[in-house]
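Thank you all for making the time this morning. I would like to walk through one structure with you, taking a strand pairing, then a ligand shell, and finally the enclosed space inside the protein.

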Amino acid sequence: MSADVTLEDVKQDAGIEEEEEQIDLAPVHRIIDSLKETKGMLIPVLQDVQTVYGYVPEEAANVVADRMRLYRSQVYGVLTFYTQFHLTPRGRHIIRACSGTACHVRGGKTVISKLEHMLGIGHGETTEDMFASFEKVACLGACGLAPVIMIDNDAHGTLDSVKTERIMDNLREMDTMKRAE
Amino acid sequence: MFTITIDGKKIQVPRGTTILNAARELDIDIPTFCDHKYLLPFGSCRMCVVEVEGTDRLFASCVVPVTDGMEVHSNTARVKRAREAVLELLLTYHPLECPVCPQSGRCLLQDLVFEHGRDYGRFGHIEVEKRIDHLSPLIEMNQNRCILCGRCVRICDEVQAEGEFDFASRGFPTVVEPSFAKPMNCEFCGQCVQACPVGSLYSRIFKHTAPAWELTPVRTTCPFCGVGCTLHLEVKGNHIYHVLGVDDEGSNNNGFLCCKGRFGYEYVHHPDRITEPMVRQDGELVPVTWEEAYDHIARGIEKIRSQAGPDAFGGISSARCTNEDNYLFQKFMRAVVGTNNVDSIARFGHFPGMEALRKAFGVEAPTNSLNDLQHSNLILAIDSNITEDDHVAGLKVLKQVRSGKAKLIAANSRRVKVTRFAQTWMQHKPGTSVALLNSIIAVILEEGLENKKFCQSRVTGLEELRESLKGAEPERMEKVTGIKAETIREAARAIASAGKVTILITLGGASPYTGEDTVAAAANLALVTGNVGKVGAGIIPLSEYNNIQGCMDMGALAEFLPGYQPVTDDGIRNWFEGQWGVKLPSQPGLDAMGMIEAAAGGKLKGMYIMGENPLSSFPDQERVIEAMKKLDLLVVQDMFLTETALFADVVLPSSCGPEKNGTFTNTDRRVQRVRKAIDSPGKTRDDWRILTEMSEAMGYSNGIGSAMEVLGEITRMIPFYAGITPERLEKSGIHWPCPRPDHPGTEVLHHDRFPSGLGRTRPVRFHEPKKATANYPYLLIPGTILYHSGTTTTMAKGLNTVASTAVAEIHPSDAQELELETNDWVRLTSLKGITEVKVKVTERSMPGTVFVPTHFREVPVNALVGYDTVRERGLTYVGIERIERVEAERRAGESQVTRLKKTVQEIQDKKRRATEETGPGVSGGK
Ligand code: SF4
Ligand code: SF4
Ligand code: SF4
Ligand code: FES
Ligand code: FES
């Protein structure tokens, strides 16, 4: 017999109460089942988990830790070390505003405050209606267009407060339409 | 060996030594933060930098190994500047709140800033708001004060194997915290608290109570489990504020403790402590003076003695009290009352196990010390939840196993921490450990793997053993034990070829399905494979009680005078009679169970119970209640008004561990000092003193003036304690046998020969547990949990924040069938009784079993346990007939406490009536 510890068990050891809303954890198990060797695979596994859920839910991270025989705190450490991982659900749109030097000197600060004001959230946060997540990032590599923001995969450059407002209004409209469909 | 010169001083050190350790050997002080004696080098804080000649950068001395001819300077201007810079950077964000910090006065940062820092900072002070964890029970974490040395992270991993913390995030916002920043939810050993150099992790109980520099440390021995950790009780006035583990040559715990040792002390200050002697008058316990109480008892005993003889009185001694208390207790019973009716809880499981060791090896004690585990290369843990029952011993096992020095084979029907780290985990059916061990031995003999040389020269009885094992082959036993034959064969081969095997077996209440037979079978295995009588190999039975070994050593056993000297041996008895100046009874007395039976049957008229609560700790609560009810005189000497005390005619308030002097003998025969740290409350007196005064009240002077004088008498009367003196114990514990003052004590028994010459293997028949009939489909597994020790620690507020109530464990498959969910309440019905408890659905327990912790008075597990099997096999197999869900209201209506209160009321009424009818009887005392 093997000494495998189930998630259930460890959870109960840790006295963690089940959340009301349960997440389907089957995909996490599938991801790990598909591995031949788990050693050194933590980051790819977490990336796959993020692809499935859009973020890394705590329950999923715990399954990963338990099944890969790591401490939960260890996995959490990795998740918080790399900015690529998100621990809370993200908005339908990801808005990244550049705070690099070039953008900064050409008025990036105004753009950022405008965005924060319009969205009502700060760096690393998501609007309550899940419309968008906002992040400040270092140089986006488009300094010629400074100040720059990225909305999902599109870059928007040479912005000012007015232009920013227009772009955001458009985004909101598109989002509403899409959701109505 | 390499030669290194540090600050002009030369030393030779072995290859691999770090510069820091070489410096320490030279008594050169190099400041450190992240370095820790028991952790792997980490090299993160850079406080320990030194200059090495011939190179131009600074080296972190804690990670850099010495090279031959190295020349190091630890105190140059450059080094000084570097250290100042480290401190300066730390102080840019470390809050300056020393006045309110619990670590103030023993903070490494404070000390080093004082010593090495400068009085100004170049970078100013940056305020950052990090999390303060106010939610964890027992331990609080203030991340603002954290200097990220990682000691907590590493100790929780490397020592504790819990991994509760890790570094999270990176750069400036880096913190150390549990997964997803949850409140801590771990073993609460507090190793991290003790390791934290600053005030970032600290005891919640301690914070904001007293400044560290006003506390006086008192070195003593933990009063909870059999490991006997050395600790400092930090006291001020008459109060214990804080506890730290002690790490030096005289301690056996490396400074580690468990949650009980570190946080359990609060029971001492519980407001429910009884502080006055009480005598029952008109059904009520009323306070009296000590003299009145003694007088009352003396006359009660006199009356019983004159009417029914001394053997109508009996006494239960305590596996919690000191050796001195136990010694005087049995002396009181034997020399003053004149009966051998004296026994203890050791009778249930622990003493029978020791008997098995005596029959096999000649000595009723563990063969090896716990520290000797560091030499084993295979550890066989049988029904041993060691990390919960004997925590710090469990850490030694984990260390040995995780470092790869030993293999671990765990035979445990419950899934517990050790099974997680075992290379082989055999989840045998409860109560089948004998069958399992027999199978292993059968394989060894069948495959010719026994240690032939050892068998030939040191063992007898092998042929009978071989004969008896016909039919014990693992293939035949598969159904019984539930373990695949091949697994057993492999385990057998591993054990036979390991070289140095230590067998751990937990006995007593913590492991009700082990007993004499398990130990006997394990002894056979040790003999057959030659795993006894050498370093790293032997059998160590474990106990959840701090002084069960001492209690037995002192003669709190119906058939033995102190030191296992039989009462029936005329020569020995005569010698004791000479020493004690009285005639002693020559027939073995009634044992613990015998006394309860005799009392229930009306033959035993009076009992004196010291530091024991049979109503909650003995099997068959109903029978115990019956017995207590019938007694004419019941004296209970305890700290609290226990369930048993509710039935008492006289209650004597006694002091507890931190309030008295004396010695404990831990589970590996190590005799250690217990020291008084505070005065006991009210009129409370030490047990030894009560017993001395009680003797005097009955006309016998034992001439004792202090606890340490009792130790003097003990060492005169017990040959294997003869060389132990208070002076020697000041420095360190001593493992008995220690026959002479110049004898170092004995960590490993039976080198070269057994006391009786040869070791004896004995056939051990396997008796299948009598449960699993259609009527009793579930098996009760009473046991212990990490956070408590007996019922005592349930009087500690802090520990109750972690575990405040009994939670029974039921396997998901049973839960499904019974339609039960976690947090439901159930009623368990056995042949003997009923108890109600909350359930948790978990795979920790096997299907068909219910685990119930025994610590909680409102869930009396012993109400379910019957006597018969205990008497027969020393075991307590209990079948559970029904498990039913109960609703909250019904539960409240019939709570055990209510029922108990009713019973007490009944007796009181009865006694009152009796007094009214016949005038004051024995229990009236006039
Ligand atoms: S109390 Fe013990 S188990 Fe808990 S985090 Fe600290 S070291 Fe780890
Ligand atoms: S909490 Fe204490 S031990 Fe842990 S990293 Fe911070 S300072 Fe070090
Ligand atoms: S209860 Fe046992 S392991 Fe815990 S501190 Fe006390 S002696 Fe040590
Ligand atoms: S600084 Fe903004 S894109 Fe480079
Ligand atoms: S003690 Fe050497 S780097 Fe921390």
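Let me begin with a single pair of residues, M141(B) and L201(B), which stand opposite each other, the latter in strand 10 of chain B; please keep in mind throughout that this is a predicted model. The pair belongs to a wider contact, in that strand 7 of chain B, residues 139–142, is joined to strand 10 of chain B by three bridges, and the two run antiparallel. Stepping back, the sheet is an open one of three strands in chain B, ordered 6-7-10, with antiparallel pairing. Strand 6 (132–133) and strand 10 (201–203) of chain B each have a single partner strand and stand at the edges, so one side of each has no neighbour in the sheet.

Turning to ligand 2, we find 14 residues surrounding it, and the closest are C146(B), C149(B), G150(B), C152(B) and C196(B). Sorted by class, that shell comprises eleven nonpolar residues, two polar ones and one charged one.

Finally, the enclosed space: there are twelve cavities of 30 Å³ or more, and the largest has a volume of about 190 Å³. Where does the largest cavity lie? Both domain 3 (369–536) and domain 4 (778–893) of chain B contribute residues to its lining, so the cavity lies between them. Its lining numbers 18 residues, with N412(B), R414(B), A510(B), S511(B) and I781(B) nearest the centre, and strand 33 of chain B, residues 778–783, supplies the largest share, three residues. By class, the lining of this cavity divides into eight nonpolar, seven polar and three charged residues.

How values were computed:
Residues numbered from 1 in each chain as written. Chains lettered and ligands numbered in written order. Predicted model: local features only at pLDDT ≥ 70, side-chain atom pairs only at ≥ 80, totals over all residues. Heavy atoms only, no water. Near = heavy atom within 4 Å. Nonpolar A, V, L, I, M, F, W, Y, C, P; charged D, E, K, R; others polar. Pairing = 2+ DSSP bridges. Helix = DSSP H or I, 4+ residues; strand = E, 2+ residues; numbered from the N terminus. 1 Å grid on protein atoms, 1.4 Å probe; cavity = no way out; pocket = protein on both sides within 12 Å on 5 of 7 lines; lining within 4 Å. Points joined across faces, edges and corners; volume = space filled by probe spheres on them. Domains from an automatic or database assignment.
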